[in-house]
Amino acid sequence: MNVYDASRMADVLAPEGFDETSEIEDADLIILNTCHIRERASEKIFSELGKVRVLKEERAAQGRETMIAVAGCVAQAEGAEIIRRQPAVDVVVGPQSYHRLPDLLSEAREKRAFGRRPGVVDTDFPVEDKFDALTQPTAEKTRARGVSAFVTVQEGCDKFCTFCVVPYTRGAEFSRPVDRILSEVERLTAHGVREITLLGQNVNAWHGIGPDGKAWTLGRLLRRLSDVPGVARLRYMTSHPRDMDDELIAAHGDLPQLMPFLHLPVQAGSDRILEAMNRRHTAQDYIDLVWRIRSVRPDIALSSDFIVGFPGETEAEFQATLDLIEEVGFASTFSFKYSSRPGTPAAEMDGHIPHEVMAERLGRLQTLVEAQRQAFNQETVGVTTEMLVEKPGRYSGQIGGKTPWLQAVHADGDVSLIGQVVPVRIVGLSSNSLLGELLDKPLQERRA
């Protein structure tokens with residue numbers, strides 16, 4: 001989601017004469033787009049701001065203006081405190097207001113020009129739909145960003161998991177209407193995008209208003225998007241188990257464009273810990289859901305999130321998480337030690353686990369899930385599947401792309417294939433990707 005937000009900020013600044021640069025030393029405007037999920041996120045930002053301030057001073061000595069903005073969830077949480085601690089910052093903007101960046105930068109310049117207290121802060125949750133105010137990228141820029149694109153359809157969360165800051169930094173759930181999403185997807189595919197990933201903090205809680213004036217479900221939206229010319233692949237993330245309804249599950253069995261890869265966070269395998277997290281599902285609920293999904297799409301691969309060392313977690317409760325992992329089997333995972341986030345209920349709970357205990361548990365969990373990831377990749381060797389060609393490969397004469405299960409593949413081939421879905425046989429593995437061999441006929445012809 002931060003990648004999507006960063007692109008939208010670049011788009012809204014383009015009419016003001018800004019273009020993106022990969023070299024920070026060349027930047028007239030430096031934006032730190034931040035995430036507040038992990039512990040010490042704020043301190044990491046202030047450390048980075050110290051380095052950027054030095055660059056700003058060096059450029060000022062050369063007569064070159066440099067502006068600094070802090071955006072995203074740390075900006076939302078810290079607000080004016082960022083400017084108090086680092087006066088070199090010109091703008092602090094929350095994730096609901098980045099469409100106002102041009103106005104905020106103008107205001108910040110004016111304040112500095114007249115010697116007033118530096119810095120402008122906008123961390124409101126505006127009533128207007130920020131998506132309507134955003135500038136759409138040009139066809140050239142869309143093509144430059146590649147054949148896979150993110151589309152945010154939902155923001156915010158109403159679940160209030162006790163460890164999570166998202167409801168406080170992103171606000172209540174907001175679902176974009178169908179016509180806005182459809183228009184964005186049609187524009188992207190017209191400019192060469194072949195794969196669309198729908199984004200949301202709680203994406204399967206999306207309930208945008210359709211052209212019939214009624215709230216649609218995510219399953220219905222996916223069916224509509226599958227009819228858009230040029231859409232070869234659809235994905236969505238991140239999901240909550242409580243919002244996997246029958247229509248969405250059925251879509252996984254019905255839609256060829258909906259890829260067989262699902263990120264479905266469970267967080268823990270102990271029912272007591274899940275209740276303390278306010279997840280509102282049990283371990284068995286999650287396992288039953290997985291089997292329902294696999295019943296309609298047997299080849300689906302799962303990814304998940306895990307938190308180890310939640311306050312009060314016993315060794316037996318941690319073992320319950322390992323047991324769930326063993327039973328379900330995952331193609332990939334994201335796993336973390338519990339991070340205490342100020343203002344969340346979990347931060348006030350008793351029984352915080354020592355860091356060395358959390359580190360040891362995390363090591364055991366990651367050993368297990370890495371073995372599952374490697375086994376999943378190994379099972380694909382010898383399999384004939386499809387690859388969406390996304391970019392040139394690491395070496396000359398090579399191309400790179402993704403399997404339906406989101407695995408990176410490299411194969412010998414010409415860059416003219418970028419944007420095409422081509423048949424490939426997996427012939428080997430490297431440390432983080434698969435090695436493929438292109439086949440000479442499309443899969444549907446071979447199957448015939």
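**Exercise 1. A lysine and its surroundings**

Leaving aside neighbours within four places in sequence, find which residues Lys-111 is in contact with.

*Solution.*
Step 1. With those sequence neighbours set aside, the contacts of Lys-111 are Arg-116, Arg-117, Pro-118, Gly-119 and Val-120. Keep in mind as you look that this is a predicted model.
Step 2. Now place the residue: Lys-111 belongs to helix H5, which covers residues 101-113.
Step 3. What is the nearest side chain of opposite charge to Lys-111, and how far away is it? It is Glu-107, at 5.6 Å. A salt bridge needs the nitrogen and the carboxyl oxygen within 4 Å. Lys-111 is buried and has no salt bridge.

**Exercise 2. Linking distant parts of the chain**

Work out why the salt bridge of Arg-100 with Asp-122 ties together parts that are apart in sequence.

*Solution.*
Step 1. Start with the distance: the closest N and O atoms of Arg-100 and Asp-122 are 2.3 Å apart.
Step 2. Arg-100 sits in the loop between strand E3 (91-93) and H5, while Asp-122 sits in strand E4 (residues 120-122), so the pair ties together parts that are 22 residues apart in sequence.
Step 3. Buried means under 20% relative accessible area. Asp-122 has 6% and counts as buried, whereas Arg-100 has 29% and is partly exposed.

**Exercise 3. Two helices, one pair**

Find which helices are tied together by Arg-223 and Asp-254.

*Solution.*
Step 1. The side chains of Arg-223 and Asp-254 meet in a salt bridge, with 2.7 Å from N to O.
Step 2. Arg-223 is part of helix H10 (residues 218-225) and Asp-254 is part of helix H11 (residues 246-254), so this pair joins parts that are 31 residues apart in sequence.
Step 3. Arg-223 is partly exposed at 28% relative accessibility, and Asp-254 is partly exposed at 48%.

**Exercise 4. From a pair to a network**

State how many salt bridges the structure holds, then look at one pair and one network.

*Solution.*
Step 1. The structure holds 27 salt bridges.
Step 2. One of these pairs is Asp-299 with Arg-297, whose side chains meet at 2.6 Å, N to O. Is Arg-297 buried or exposed? With a relative accessible area of 19%, Arg-297 is buried; Asp-299, at 33%, is partly exposed.
Step 3. Salt bridges with shared partners also join Glu-313, Glu-315, Glu-360, Arg-361 and Arg-364 into one network.

**Exercise 5. Empty space**

Describe the lining of the second largest pocket and of the second largest cavity.

*Solution.*
Step 1. The second largest pocket holds about 530 Å³ of space. Its lining has 19 residues, and Asp-19, Glu-20, Thr-21, Leu-29 and Ile-31 lie nearest its centre.
Step 2. Helix H1 (2-13) and strand E1 (29-34) are the elements giving two or more residues to this pocket lining.
Step 3. Sort the pocket lining by class: 11 residues are nonpolar, 3 polar and 5 charged.
Step 4. Turn to the cavities. There are 2 of 30 Å³ or more, and the second largest has a volume of about 30 Å³.
Step 5. Among the residues lining this cavity are Asp-5, Met-9, Asn-33, Tyr-98 and Arg-170. H1 and strand E2 (67-72) each supply at least two lining residues.
Step 6. The same sorting gives 5 nonpolar, 3 polar and 2 charged residues for the cavity lining.

Key: Residues numbered from 1 in each chain as written. Predicted model: local features only at pLDDT ≥ 70, side-chain atom pairs only at ≥ 80, totals over all residues. Heavy atoms only, no water. 1 Å grid on protein atoms, 1.4 Å probe; cavity = no way out; pocket = protein on both sides within 12 Å on 5 of 7 lines; lining within 4 Å. Points joined across faces, edges and corners; volume = space filled by probe spheres on them. Helix = DSSP H or I, 4+ residues; strand = E, 2+ residues; numbered from the N terminus. Nonpolar A, V, L, I, M, F, W, Y, C, P; charged D, E, K, R; others polar. Buried < 20%, exposed > 50% of the residue type's maximum accessible area, 1.4 Å probe, protein only. Lys, Arg positive; Asp, Glu negative; His and termini not counted. Contact = heavy atoms within 4.5 Å.
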